[in-house]
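Biologist: I'd like to learn how to read a model like this one. Can we start with the parts to be careful about?

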Amino acid sequence: MKRFMKAIASTICVGILSGSGLFSTIPIVLADSVEDVEIEMTFADPAFRDYISENFDINEDGYLSQSEINNVTSIDANGVGIDNLDGIGLFTNLNYLSCSQNYISSIDLCNNLKLTYLNLSFNE
């Protein structure tokens, strides 16, 4: 089942100096529908999925909204039993990742361009 965030609509009145010297307003509508990300389907590893749910699913609905995703800048999941980090690319604002003492053998960080700290020590 697809869930969508409610469209964000704002009307902004912009004052424009008309030829008569009076200000008039033009409504500008900003709308965006962004699909929420289902945690169960996105993060295959049970330990990583639990970590994501417990730390970033603020409203505890089983989905990550775009706002929740954008707010993820740091992941510190040392020794929690993670086998893989599939889905990590979703967090494009991630700058700190520490997942030592797990069972991670490979990782794709192609979408994590803001990453400045990485610790994957003591993984098998």
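Modeller: Sure! Over residues 1-33, pLDDT (the predictor's confidence in each residue, from 0 to 100) stays under 50. For that stretch the model has 44 contacts (heavy atoms within 4.5 Å) beyond four places in sequence. This is a predicted model, where local features need pLDDT of at least 70, side-chain atom pairs count only at pLDDT 80 or more, and totals for chains, interfaces and linings use all residues. Residues are numbered from 1 along each chain as its sequence is written, and side-chain values use heavy atoms, with hydrogens and water left out.

Biologist: What is the mean pLDDT of the protein chain?

Modeller: The mean is 80, and 73% of the residues reach 70 or more.

Biologist: How do aromatic pairs work, and how many are there?

Modeller: Rings of Phe, Tyr and Trp (its six-membered ring) pair if their centres lie within 6.5 Å; planes under 30 degrees apart are stacked, over 60 edge-to-face, the rest tilted. Here the count is 5. One of them, Tyr51 with Phe56, is edge-to-face, at 5.9 Å centre to centre and 75° between the planes.

Biologist: Why is the pair of Phe56 and Phe91 tilted?

Modeller: Their planes sit at 50°, with the centres 6.1 Å apart, so that pair counts as tilted. Phe56 and Phe91 link distant parts of the chain, 35 residues apart.

Biologist: Which residues form one aromatic cluster?

Modeller: Phe43, Phe48, Tyr51, Phe56 and Phe91 do.

Key:
Helix = DSSP H or I, 4+ residues; strand = E, 2+ residues; numbered from the N terminus.
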